[in-house]
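Hi everyone, thanks for coming. Have a look at the sequence and the model on the screen, and I'll walk you through them.

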Amino acid sequence: MSVSSNTRGLILAVVSSGFIGASFILKKIGLKRAGAAGTRAGVGGYTYLLEPLWWAGMIMMILGEVANFIAYVFAPAVLVTPLGALSIIVSAVLAHFLLKERLQKMGVLGCVSCIVGSVVIVIHAPQEHTPNSVLEVWNLATQPAFLFYAAASLSAVLALVLHFEPRYGQTNILVYLGICSLMGSLTVVSIKAIGIAIKLTLEGISQLAYPQTWFFISVAVVLVITQLNYLNKALDTFNTAIVSPIYYVMFTTLTIIASAIMFKDWSGQDVSSIASEICGFITVLSGTIILHSTKEQEPASNASGTISWYVNVDSMKNIEDDHFVTLHGPECFQ
């Protein structure tokens, strides 16, 4: 009994979500330990590179990304990317037990919504049309519509890095995650091109002689390294249960848009199937918003009764402590 390409992509995407969800928690614990022993990553420190738990999280994330990488070869982004919601569930549950970031009853409803939406997307996902060469992928990447999207994304990233990060990076979670998500959408299309090149090369149709293959590899490496840097800053500055869903929502939305523009994932599908996929995606987004909101209520309720989208209580305390030490010196705690 042969297994369809979409089924292979589905299995790999689920495995990937499990690894990535767990990696968030391990990296968060590693970042906390590193921050207690040296300069926090959120303010430019790299002490976490000496922390074994951070590396364990990195290894799990790499394994998850490899599985995700292969999944994109077999299935369209409109199927693979939304299944990343499962990583939010894994992350939220582990954070509840290991980081004491309490998962409330409405958070459970959010998790269920993510699962239901993912099932709807899987049922109505289109069959993948795999390009026959890297040159075909290159032609898709150089379409005017995708070039416009790429230029707009890179311009937004530059604005976030040069203007908004120095001013609002430590207080507005959308700055770091906006950079990660915009670059992530371009990373996915590059990784898909690399995966296709590897698959064809293993089948005996070498793609290594094409400069376009090495271009996609170079772009993917630069984008992935940049994403990891800003994701570390987001994890160190904000609550994990907030970072995971917001990152997922932004990354998934932008990736589906980029993939739809470049690979035309929805071409050939009828209106009802496309509508079902959109409804499934909205259900997943609703679940992530519910999960995000319930995780913020507890720390916010201890203050003035309002909900802040930006800095959690622990992060603000760290910032205030750093500022106090700067003014009075470390001997003030002795």
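Let me begin with how helices are named here: helices (H or I, at least four residues) and strands (E, at least two) are DSSP runs, numbered from the N terminus. What you see is a predicted model, where local features need pLDDT of at least 70, side-chain atom pairs count only at pLDDT 80 or more, and totals for chains, interfaces and linings use all residues. Residues are numbered from 1 along each chain as its sequence is written, and side-chain values use heavy atoms, with hydrogens and water left out.

Now, the overall picture. How many helices and strands does the protein chain have? Twelve helices and zero strands, so to read the elements from the N terminus on, you just say α-α-α-α-α-α-α-α-α-α-α-α. Of the 334 residues in the protein chain, 49% are buried; that word means under 20% relative accessible area, with exposed being over 50% and partly exposed in between (1.4 Å probe, protein chains only). As for contacts, meaning heavy atoms within 4.5 Å, 82% of those with a separation of 6 or more join residues 24 or more positions apart.

Let's start with helix α5, residues 105-124, which holds serine 113. Is serine 113 buried or exposed? Serine 113 counts as buried because its relative accessibility is 15%. Threonine 283 is 170 residues away along the chain, yet the two C-alpha atoms are separated by 6.0 Å. Setting aside neighbours within four places in sequence, serine 113 contacts Thr283, Val284 and Gly287.

A word on cysteines. How many disulfides does the structure hold? Zero, where a disulfide is a pair of cysteine sulfur atoms within 2.5 Å. Take cysteine 111: the closest cysteine sulfur belongs to cysteine 114 and is 6.3 Å away, so that is too far for a bond. Cysteine 111 is buried at 7% relative accessibility, whereas cysteine 279 is partly exposed, at 47% relative accessible area.

Next, the pocket. Rolling a probe the size of a water molecule over the atoms shows where empty space is left. On a 1 Å grid over the protein atoms alone, a pocket is an open set of points where a 1.4 Å probe fits, with protein on both sides within 12 Å along at least five of seven lines, and lining residues have an atom within 4 Å of a point. The largest pocket holds about 890 Å³ of space, a volume being the space filled by probe spheres set on the points, which are joined across faces, edges and corners. It is lined by 37 residues, of which Ile20, Met61, Glu65, Gln227 and Tyr247 are the closest to its centre. Elements giving two or more residues to that lining are α1 (5-37), α2 (52-74), α4 (85-98), α8 (173-202), α9 (211-237) and α10 (240-263). Which of them gives the most? That is α2, with nine residues. By type, the lining has 23 nonpolar residues, 13 polar and one charged; here Ala, Val, Leu, Ile, Met, Phe, Trp, Tyr, Cys and Pro count as nonpolar, Asp, Glu, Lys and Arg as charged, and the others, Gly among them, as polar.

Staying with α2, asparagine 68 lies in this helix, and at 14% relative accessibility asparagine 68 is buried. Its C-alpha is 5.4 Å from that of alanine 13, 55 residues away in sequence. Beyond four places in sequence, asparagine 68 touches Ser16 and Val80.

On to α4, whose 14 residues reach 20 Å from first C-alpha to last, close to the 20 Å expected at 1.5 Å a residue; the expected span is 1.5 Å times one less than the number of residues. Buried residues in α4 include Ala85, Ile88 and Ser91. Serine 87 also sits in α4 and is buried at 13% relative accessibility. Outside its neighbours within four places, serine 87 contacts Ser17, Ile20 and Gly21. After α4 comes lysine 100, with a positive phi near 60 degrees.

Last stop: glycine 169, in the loop between α7 (144-168) and α8. Glycine 169 is buried, with just 1% relative accessible area. Not counting residues up to four places away, glycine 169 touches Phe164, Val175, Tyr176 and Phe238. Thanks for listening!
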